[in-house]
Amino acid sequence: MGRFFDARERRFGGYIEEYEPGDVFRHWPGKTITEAEDHMFCMLTMAGSPIHIDRKYAAGTEFGRNIVVGTFVYSLLLGMSVPDISGRAIANLGVSELKHLAPMFHGDTLYGASEVLTVRRSQSRPEQGVLTVRTDGLNQDDLKVCTFTRSVLLPCRPAGAV
(Lines give C-alpha, C1' and ligand atoms only; values in the text may rest on other atoms or scores of the structure.)
Protein backbone atom coordinates (compact mmCIF):
# COMPACT_ATOMS: atom_id res chain seq x y z
CA MET A 1 0.00 0.00 0.00
CA GLY A 2 1.31 3.43 -0.90
CA ARG A 3 1.82 6.46 1.26
CA PHE A 4 -0.43 9.53 1.30
CA PHE A 5 0.98 13.02 0.78
CA ASP A 6 -0.66 16.38 1.30
CA ALA A 7 0.64 19.01 -1.14
CA ARG A 8 1.03 21.52 1.67
CA GLU A 9 3.85 19.38 3.13
CA ARG A 10 6.14 19.35 0.08
CA ARG A 11 6.84 21.69 -2.80
CA PHE A 12 8.39 21.38 -6.23
CA GLY A 13 8.74 17.68 -6.67
CA GLY A 14 11.17 15.13 -5.45
CA TYR A 15 14.02 12.95 -6.55
CA ILE A 16 13.17 9.61 -8.17
CA GLU A 17 14.07 7.72 -4.96
CA GLU A 18 11.37 9.57 -3.02
CA TYR A 19 8.50 7.95 -4.92
CA GLU A 20 6.98 4.49 -4.50
CA PRO A 21 4.21 2.77 -6.46
CA GLY A 22 0.91 3.38 -4.70
CA ASP A 23 1.88 6.78 -3.28
CA VAL A 24 -1.00 9.25 -3.61
CA PHE A 25 -0.54 13.00 -3.79
CA ARG A 26 -3.57 15.19 -3.23
CA HIS A 27 -2.84 18.44 -5.04
CA TRP A 28 -3.78 21.63 -3.25
CA PRO A 29 -5.39 24.06 -3.64
CA GLY A 30 -8.29 23.33 -5.95
CA LYS A 31 -9.25 25.80 -8.69
CA THR A 32 -12.64 27.37 -9.31
CA ILE A 33 -12.98 27.93 -13.05
CA THR A 34 -14.46 31.25 -14.12
CA GLU A 35 -16.22 32.04 -17.36
CA ALA A 36 -13.60 34.68 -18.20
CA GLU A 37 -10.70 32.22 -17.77
CA ASP A 38 -12.42 29.58 -19.89
CA HIS A 39 -13.21 32.05 -22.67
CA MET A 40 -9.67 33.44 -22.62
CA PHE A 41 -8.19 29.94 -22.80
CA CYS A 42 -10.50 29.13 -25.74
CA MET A 43 -9.45 32.27 -27.60
CA LEU A 44 -5.74 31.85 -26.86
CA THR A 45 -5.78 28.27 -28.12
CA MET A 46 -8.21 28.93 -31.02
CA ALA A 47 -10.63 26.40 -29.53
CA GLY A 48 -13.60 28.77 -29.66
CA SER A 49 -16.38 26.23 -30.19
CA PRO A 50 -19.82 27.75 -29.46
CA ILE A 51 -20.46 25.10 -26.78
CA HIS A 52 -17.71 26.85 -24.80
CA ILE A 53 -18.15 30.56 -25.61
CA ASP A 54 -21.69 31.22 -26.88
CA ARG A 55 -24.23 31.24 -24.03
CA LYS A 56 -27.28 31.29 -26.33
CA TYR A 57 -25.98 28.39 -28.42
CA ALA A 58 -25.04 26.36 -25.34
CA ALA A 59 -28.51 26.88 -23.85
CA GLY A 60 -29.87 24.74 -26.69
CA THR A 61 -27.52 21.81 -26.05
CA GLU A 62 -28.03 18.82 -23.78
CA PHE A 63 -26.08 20.65 -21.07
CA GLY A 64 -28.22 23.81 -21.22
CA ARG A 65 -25.17 26.01 -20.63
CA ASN A 66 -21.53 26.46 -21.61
CA ILE A 67 -19.12 23.70 -20.71
CA VAL A 68 -15.46 24.31 -19.89
CA VAL A 69 -13.14 23.32 -22.75
CA GLY A 70 -11.49 19.99 -21.89
CA THR A 71 -7.98 21.11 -22.73
CA PHE A 72 -8.27 23.78 -20.01
CA VAL A 73 -9.33 21.14 -17.47
CA TYR A 74 -6.38 18.95 -18.50
CA SER A 75 -3.96 21.90 -18.37
CA LEU A 76 -5.12 22.88 -14.89
CA LEU A 77 -4.70 19.31 -13.61
CA LEU A 78 -1.24 19.05 -15.11
CA GLY A 79 -0.28 22.37 -13.52
CA MET A 80 -1.72 21.35 -10.15
CA SER A 81 0.46 18.24 -10.17
CA VAL A 82 3.75 20.01 -10.90
CA PRO A 83 4.71 20.87 -7.29
CA ASP A 84 4.22 17.25 -6.17
CA ILE A 85 5.21 15.27 -9.24
CA SER A 86 7.32 17.06 -11.82
CA GLY A 87 8.74 20.17 -10.19
CA ARG A 88 12.26 18.75 -10.58
CA ALA A 89 11.55 17.16 -13.97
CA ILE A 90 14.26 17.11 -16.58
CA ALA A 91 11.67 16.28 -19.24
CA ASN A 92 8.03 15.36 -19.64
CA LEU A 93 8.15 12.09 -21.58
CA GLY A 94 4.54 11.63 -22.57
CA VAL A 95 0.85 11.54 -21.74
CA SER A 96 -1.48 8.64 -22.41
CA GLU A 97 -5.01 7.56 -21.65
CA LEU A 98 -6.36 11.12 -21.42
CA LYS A 99 -10.10 10.85 -20.84
CA HIS A 100 -12.71 13.49 -20.18
CA LEU A 101 -15.40 11.71 -18.19
CA ALA A 102 -17.87 14.46 -17.27
CA PRO A 103 -18.31 18.12 -18.13
CA MET A 104 -17.25 21.02 -15.97
CA PHE A 105 -19.18 24.26 -15.94
CA HIS A 106 -18.27 27.85 -15.16
CA GLY A 107 -18.13 28.21 -11.39
CA ASP A 108 -17.20 24.55 -10.77
CA THR A 109 -14.10 23.79 -8.71
CA LEU A 110 -11.50 21.30 -9.90
CA TYR A 111 -9.45 19.18 -7.49
CA GLY A 112 -6.63 16.81 -8.43
CA ALA A 113 -4.80 13.79 -7.11
CA SER A 114 -2.00 11.69 -8.59
CA GLU A 115 -1.10 8.09 -7.85
CA VAL A 116 2.37 6.74 -8.55
CA LEU A 117 2.08 3.76 -10.91
CA THR A 118 5.73 2.93 -11.62
CA VAL A 119 9.19 4.12 -10.66
CA ARG A 120 12.33 2.94 -12.44
CA ARG A 121 15.90 3.98 -13.01
CA SER A 122 16.68 5.04 -16.56
CA GLN A 123 18.76 2.51 -18.49
CA SER A 124 20.31 5.15 -20.72
CA ARG A 125 20.71 7.86 -18.06
CA PRO A 126 22.00 6.27 -14.82
CA GLU A 127 21.61 9.45 -12.75
CA GLN A 128 17.92 9.77 -13.65
CA GLY A 129 14.72 7.81 -13.43
CA VAL A 130 11.25 7.59 -14.96
CA LEU A 131 8.19 8.25 -12.83
CA THR A 132 4.75 7.32 -14.18
CA VAL A 133 1.61 8.62 -12.48
CA ARG A 134 -2.14 8.65 -13.06
CA THR A 135 -3.76 12.00 -12.33
CA ASP A 136 -7.49 12.26 -11.66
CA GLY A 137 -9.53 15.43 -11.61
CA LEU A 138 -12.70 15.70 -9.55
CA ASN A 139 -15.26 18.46 -9.29
CA GLN A 140 -16.63 19.93 -6.08
CA ASP A 141 -19.11 17.02 -5.84
CA ASP A 142 -16.30 14.40 -6.03
CA LEU A 143 -17.35 13.42 -9.57
CA LYS A 144 -14.35 12.31 -11.62
CA VAL A 145 -14.21 14.61 -14.65
CA CYS A 146 -10.80 13.84 -16.19
CA THR A 147 -8.01 11.28 -15.93
CA PHE A 148 -4.66 10.80 -17.62
CA THR A 149 -1.36 8.97 -17.23
CA ARG A 150 1.98 10.68 -17.71
CA SER A 151 5.67 9.90 -17.39
CA VAL A 152 8.43 12.29 -16.39
CA LEU A 153 12.20 12.03 -16.23
CA LEU A 154 13.46 12.95 -12.76
CA PRO A 155 16.95 13.27 -11.32
CA CYS A 156 18.31 10.85 -8.77
CA ARG A 157 19.20 12.32 -5.40
CA PRO A 158 22.68 13.88 -5.63
CA ALA A 159 25.27 12.59 -3.18
CA GLY A 160 24.94 14.51 0.07
CA ALA A 161 21.52 16.01 -0.78
CA VAL A 162 18.89 16.04 1.93
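The lining of the largest pocket splits into four nonpolar residues, one polar residue and four charged ones. The model behind this description is a predicted one, and the pocket is a handy place to start. About 150 Å³ of space lies inside the largest pocket. Its walls are made by Val-24, Tyr-111, Ala-113, Ser-114, Glu-115, Arg-134, Asp-136, Leu-138 and Asp-142. Two elements, strand S4 (109-121) and strand S5 (128-138), each give two or more residues to this lining. Of these, S4 supplies the largest share, with four residues.

Some of the charged lining residues turn up again in the salt bridges. Arg-134 pairs with Glu-115, and the closest N and O atoms of the two sit 2.9 Å apart. This pair ties together distant parts of the chain, since Arg-134 belongs to strand S5 and Glu-115 to strand S4, 19 residues apart. Both partners keep some access to the outside: Arg-134 is partly exposed, with a relative accessible area of 28%, and Glu-115 is partly exposed as well, at 26%.

Asp-136, another residue of the pocket lining, makes a salt bridge with Lys-144, this time with 3.6 Å between the closest N and O atoms. Here the two ends sit in unlike surroundings. Asp-136 has a relative accessibility of 11% and so counts as buried, the cut-off being under 20%. Lys-144, on the other hand, is partly exposed, with a relative accessible area of 35%. Put together, Glu-115, Arg-134, Asp-136 and Lys-144 are linked in a network of salt bridges.

A search of the whole structure turns up seven salt bridges. One of them joins the side chains of Glu-37 and Lys-31, with an N to O distance of 2.7 Å. Glu-37 is partly exposed, with a relative accessible area of 26%, and Lys-31 is partly exposed too, at 24%. In general, side chains of opposite charge can pair when their charged atoms come close.

Next comes helix H1, which spans residues 35-45 and has Asp-38, Phe-41 and Cys-42 among its residues, each of them buried. These three lie on the same side of H1 because they cover an arc of only 100° around the axis. The spacing fits the usual geometry: an α-helix has 3.6 residues a turn, so residues three or four places apart point the same way. The buried residues of H1 pack against two other helices, H2 (50-53) and H4 (70-86). On the face turned away from that buried side, H1 carries the exposed residues Ala-36, Met-40 and Leu-44. Right after the helix comes Met-46, which has a positive phi, near 60°.

Last up is Val-152, a residue of strand S6 (residues 144-155). With a relative accessibility of just 1%, Val-152 counts as buried. Leaving aside residues up to four places away in sequence, Val-152 touches Ile-85, Ser-86, Ala-89, Ala-91, Asn-92, Leu-93, Gly-129, Val-130 and Leu-131. Ala-89 is a nice example of how the chain comes back on itself: Ala-89 and Val-152 are 63 residues apart in sequence, yet their C-alpha atoms are 6.3 Å apart in space.

Methods:
Residues are numbered from 1 along each chain as its sequence is written. This is a predicted model: local features need pLDDT of at least 70, side-chain atom pairs count only at pLDDT 80 or more; totals for chains, interfaces and linings use all residues. Side-chain values use heavy atoms; hydrogens and water are left out. Buried means under 20% relative accessible area, exposed over 50%, partly exposed in between (1.4 Å probe, protein chains only). The arc is that of the directions from the helix axis to the C-beta atoms. Contact means heavy atoms within 4.5 Å. On a 1 Å grid over the protein atoms alone, a cavity is a set of points where a 1.4 Å probe fits but cannot get out, and a pocket is an open set with protein on both sides within 12 Å along at least five of seven lines; lining residues have an atom within 4 Å of a point. Grid points are joined across faces, edges and corners, and a volume is the space filled by probe spheres set on the points. Ala, Val, Leu, Ile, Met, Phe, Trp, Tyr, Cys and Pro count as nonpolar, Asp, Glu, Lys and Arg as charged, and the others, Gly among them, as polar. A salt bridge is a side-chain nitrogen of Lys or Arg within 4 Å of a carboxyl oxygen of Asp or Glu.
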